[in-house]
Amino acid sequence: MDKEKIMEGVKLILEGVGEDVTREGLIETPDRIARMYMEIFEGLGKDASEILSKTFSVEDNDLVIEKDINFFSMCEHHLVPFFGKAHVAYIPKGKVVGLSKLARTVDLYAKKPQLQERLTTEIADALMKYLDAEGAMVVIEAEHTCMTMRGIKKLGAKTVTTTYRGVFKENLELRREVMNFIK
């Protein structure tokens, strides 16, 4: 990332809205915003291959669910936050990852300008690709500040997205089981 370019962009925005960028409270704002962007967009250009590379062998390929994974992301349309919970389920094929790796995978894909729909599919696709899972299911519930603080201004409205891969696509009962666990 180009910190100087981000800082210059922030200065232009502040000037564009009529602010004085030399005002005491704003002098360090471009640097603060640049450092923040470098943190919240650190998922750009990355995938979960390293995160999901350390696996453990299992004999039984039973359902694994990690629910209520809090995340924060930035809407790519307005560059304002959306946040919520991700619920991740998969059926292993002889190998599992540590549970923290599922949360790290959610965070990785959330840390870039994003669409909730794409975030949902990127997580599921990573589980299928890097774990060679029998199936993956991801449900994300999020509140979008582009809907709560501007435009329609509907505080508390949540968007839910789901995606199914592998055995979850064909097995409605398995999808219901996961939905019952995450409720």
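# Briefing on a predicted protein model

From the N terminus on, the elements of the protein follow the order α-α-β-β-β-β-α-β-α-β-α-β-α-α. That makes seven helices and seven strands. The model is predicted. Its C-alpha atoms fill a box of roughly 65 × 35 × 20 Å along the principal axes.

**Overall make-up**

- The protein has 183 residues, and 40% of them count as buried.
- Among contacts with a separation of 6 or more, 69% are between residues 24 or more positions apart.
- About 10500 Å² of the protein is exposed, with carbon and sulfur atoms supplying 52% of that area.
- The protein carries 27 positive and 30 negative charges, and the mean positions of the two sets are 3 Å apart.

**Nonpolar cores**

- Nonpolar side chains tend to be buried together in soluble globular proteins.
- The largest nonpolar core here has 32 residues, and Leu52, Phe71 and Tyr90 have the most contacts inside it.
- At least two residues of this core come from each of strand E2 (64–75), strand E3 (81–91), strand E4 (95–97), helix H3 (99–110), H4 and strand E6 (135–144).
- H4 gives the largest share of this core, seven residues.
- Another core, of 10 residues, lies apart from it; Ile6, Leu14, Val21 and Phe41 are among its members.
- Leaving out residues up to four places away in sequence, Phe71 touches Phe82, Phe83, Gly84, Lys85, Ala86, Val106, Asp107, Ala110, Leu119, Ile140, Glu141 and Ala142.

**Helix H4 and the residue after it**

- Helix H4 covers residues 116–131, and its 16 residues should span 22 Å at 1.5 Å a residue; the end C-alpha atoms are 22 Å apart, which agrees.
- The buried residues of H4 are Gln116, Leu119, Thr120, Glu122, Ile123, Ala124, Ala126, Leu127, Tyr130 and Leu131.
- An α-helix has 3.6 residues a turn, so residues three or four places apart point the same way.
- Asp132 comes just after H4 and takes a positive phi of about 50°.
- The loop between H4 and E6 holds Asp132.
- Asp132 counts as partly exposed because its relative accessible area is 39%, and the partly exposed class runs between the 20% limit for buried and the 50% limit for exposed.

**Positive phi in the loop between E2 and E3**

- Most residues other than glycine have a negative phi.
- Leu79, a residue other than glycine, has a positive phi near 55°.
- Leu79 is located in the loop between E2 and E3.
- With 40% relative accessibility, Leu79 is partly exposed.

**Lys93, in the loop between E3 and E4**

- Lys93 sits in the loop that links E3 and E4.
- The relative accessible area of Lys93 is 40%, so this residue is partly exposed.
- Asn61 is 32 residues from Lys93 along the chain, yet their C-alpha atoms are separated by 5.9 Å.
- Apart from neighbours within four places in sequence, Lys93 is in contact with Asn61, Asp132, Ala133 and Glu134.
- Asp132 in that list is the residue just after H4 with the positive phi.

**Lys112, in the loop between H3 and E5**

- Lys112 belongs to the loop between H3 and strand E5 (113–114).
- Lys112 counts as buried because its relative accessibility is 13%, and the cut-off for buried is under 20%.
- Setting aside neighbours within four places in sequence, Lys112 contacts Ile40, Phe41, Gly43, Leu44, Ser73, Met74 and Glu122.
- Of these contacts, Phe41 is listed among the residues of the 10-residue core, and Glu122 is one of the buried residues of H4.

**Ala157, in the loop between H5 and E7**

- Ala157 is placed in the loop between helix H5 (145–148) and strand E7 (159–166).
- Its relative accessibility is 28%, so Ala157 counts as partly exposed.
- Ala157 and Ala142 are 15 residues apart in sequence, with 8.4 Å between their C-alpha atoms.
- Beyond neighbours within four places in sequence, Ala157 is in contact with Ala142, Glu143 and Met147.
- Ala142 is also one of the residues that Phe71 touches.

Notes: Residues are numbered from 1 along each chain as its sequence is written. This is a predicted model: local features need pLDDT of at least 70, side-chain atom pairs count only at pLDDT 80 or more; totals for chains, interfaces and linings use all residues. Side-chain values use heavy atoms; hydrogens and water are left out. Helices (H or I, at least four residues) and strands (E, at least two) are DSSP runs, numbered from the N terminus. Buried means under 20% relative accessible area, exposed over 50%, partly exposed in between (1.4 Å probe, protein chains only). Contact means heavy atoms within 4.5 Å. Accessible areas come from the Shrake-Rupley method with a 1.4 Å probe; for residues, only the protein chains shown count as cover. Lys and Arg count as positive and Asp and Glu as negative; His and the chain ends are not counted. The place of a charge is taken as NZ of Lys, CZ of Arg, CG of Asp or CD of Glu. The expected span of a helix is 1.5 Å times one less than its number of residues. A nonpolar core is a set of buried Ala, Val, Leu, Ile, Met, Phe, Trp, Tyr and Cys residues joined through side-chain atoms within 4.5 Å.
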